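Here is a short report on one protein chain and the ligand it holds. Have a look at the model first, then read on.

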Amino acid sequence: MLLFLKQDTTIEELDALATTLKQYGVTCMLGMSNQHAVAELGGNVAALDSEMLKNMDIVEDIRCMEEPYRLASKRHHPEDTVVQIGEVLIGNGHFQTIAGPCSVESREQLFATAEAIKAAGATMLRGGAFKPRTSPYSFQGLREEGIHLLLEAKAKTGLPVVSEILESSQLPIFADIDVIQVGARSMQNYELLKELGKTDKPVLLKRGLANTVHDLLMSAEYILAGGNPNVILCERGIRTFEQSTRNTLDIGAIPVLKSLTHLPVIVDPSHAAGQHRYVAPLARAAVAAGCDGLIIEVHTDPHGALCDGAQALTPPQFADLQEDIRSLHPIIQRTIARENKGRPR
Ligand code: PEP
Ligand code: MN
């Protein structure tokens, strides 16, 4: 990071700056550029608050050379990360579809859905056991029983399972769950992220309802900084003034994330759409924008669902979508390969 200092900066002020920076473990080397004193910062620069620096009287401008999400950034790790879940790979050209009900409701419901999505080509089964509901009076999930049913479905179908954790005290219950989902509402639960960083479990980190791409990358950084490299990012729609869909799917976030980070990026069109009729078009758009996978809610009886029935696809609707995605893929892969080579169009 470079600090461009005001022309009338005194030696005493420079000393004070160096002392302040030292408290953060940051070193400071002084030089000159175009008649300006420039301080080049090194060491623990990630600990600094750039707004705080900009506000200092002696600082005219700052230039950040490195992203604050150092470990998540493509600069740090140019090769795309592949996250391995059992035999399933995701990222760097490996595309996967995760599907299943919003909530695990019963053995029959889960098993029927699991068999159907597997037959349609999904490679992982999702199902919420602990549900973060807006209303305390809504179905809160089967909790531990839901986790047991997911593990039974995994044993029966061979599909790895994905489920949402709400707090770190639940980690022992998730020991055999293949991918731990951190939901939109928990994306900034930094204590939870730190605990997940101490594990080697793949984490599916969803973007918060009102969070920027930068916020999402900073949350991923918490998990990576703890030593867990297995992070999958998920765009699931954000809150905007638009009311015609449940959330606004930020399609732009897909190429942006793919250019900023090496982590796999998947898309959840179900929670963005809120209505089943919009799920397939959004899913196709996400694939066209270059995501590494999809997570889609599927229910055998959407009208009877205890959670998010309006946005659930039926198994035949899901199978049709899988067909579309299979036919889109060769075109998209070619486009991405061309873009990555930077060939003129
Ligand atoms: C879910 O996946 O069912 C869910 C609650 O998602 P989100 O955190 O994106 O709202
Ligand atoms: Mn849901």
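## The chain as a whole

A residue is called buried when its relative accessible area is under 20%, exposed when that area is over 50%, and partly exposed in between. By that rule, buried residues make up 50% of the 345 residues in this chain. Keep in mind that the model is predicted.

The chain has ten helices and 14 strands. Its C-alpha trace spans about 75 × 50 × 40 Å along the principal axes. Take the contacts between residues at least 6 apart in sequence: 68% of them join residues at least 24 apart.

## Surface and charge

The chain exposes about 16,200 Å². Carbon and sulfur atoms supply 52% of that area. The chain carries 33 positive and 42 negative charges. The mean positions of these two sets are 6 Å apart.

## Around ligand 1

Which residues surround ligand 1? They are Cys102, Arg126, Lys131, Glu164, Gln181, Gly183, Ala184, Arg185, Lys206, Arg236, His271 and Glu297.

Three side chains here have a listed distance to an oxygen atom of the ligand. For Arg126, an N or O atom of the side chain is 2.8 Å away from such an oxygen. For Lys206, a polar side-chain atom also lies 2.8 Å from a ligand oxygen. For Glu297, the distance from a side-chain N or O atom is 3.2 Å. Taken alone, ligand 1 exposes 290 Å², and the protein buries 97% of that.

## A close look at Lys206

Lys206 belongs to strand S11, which covers residues 203-206. Is Lys206 buried or exposed? Its relative accessible area is 3%, so Lys206 is buried.

The side chain of Lys206 also makes a polar contact of 2.7 Å with the side chain of Asp268. Leave out residues up to four places away in sequence, and Lys206 still touches several others. Among them are Gln181, Gly183, Ala184, Arg236 and His271, which also appear in the surroundings of ligand 1. Val182, Met187, Leu216 and Cys234 are further residues that Lys206 touches.

## Arg246 and Asp308

Arg246 sits in the loop between strand S12 (231-235) and helix H7 (253-260). Its relative accessible area is 37%, so Arg246 is partly exposed. Beyond its neighbours within four places in sequence, Arg246 is in contact with Arg185, His271, Ala272, Ala273, Gly274, Asp308 and Gln311. Arg246 and Ile325 are 79 residues apart in sequence, and their C-alpha atoms are 23 Å apart in space.

With Asp308, the link is a polar contact: the two side chains meet at 3.1 Å. Asp308 lies in the loop between strand S14 (293-297) and helix H10 (315-341). How accessible is Asp308? Its relative accessibility is 17%, and the cut-off for buried is under 20%, so Asp308 counts as buried.

## Positive phi angles

Asp308 has a positive phi of about 55 degrees, although it is not a glycine. Arg143 is not a glycine either, and its phi is also positive, at about 55 degrees.

Where is Arg143 found? Arg143 is in the loop between strand S8 (124-126) and helix H4 (144-157). At 41% relative accessibility, Arg143 counts as partly exposed.

Terms used. Residues numbered from 1 in each chain as written. Chains lettered and ligands numbered in written order. Predicted model: local features only at pLDDT ≥ 70, side-chain atom pairs only at ≥ 80, totals over all residues. Heavy atoms only, no water. Helix = DSSP H or I, 4+ residues; strand = E, 2+ residues; numbered from the N terminus. Buried < 20%, exposed > 50% of the residue type's maximum accessible area, 1.4 Å probe, protein only. Contact = heavy atoms within 4.5 Å. Areas by Shrake-Rupley, 256 points an atom, 1.4 Å probe, with all protein chains shown as cover. Lys, Arg positive; Asp, Glu negative; His and termini not counted. Charge placed at Lys NZ, Arg CZ, Asp CG, Glu CD. Near = heavy atom within 4 Å. Polar contact = N/O pair within 3.5 Å; in protein donor to acceptor, adjacent residues only side chain to side chain.
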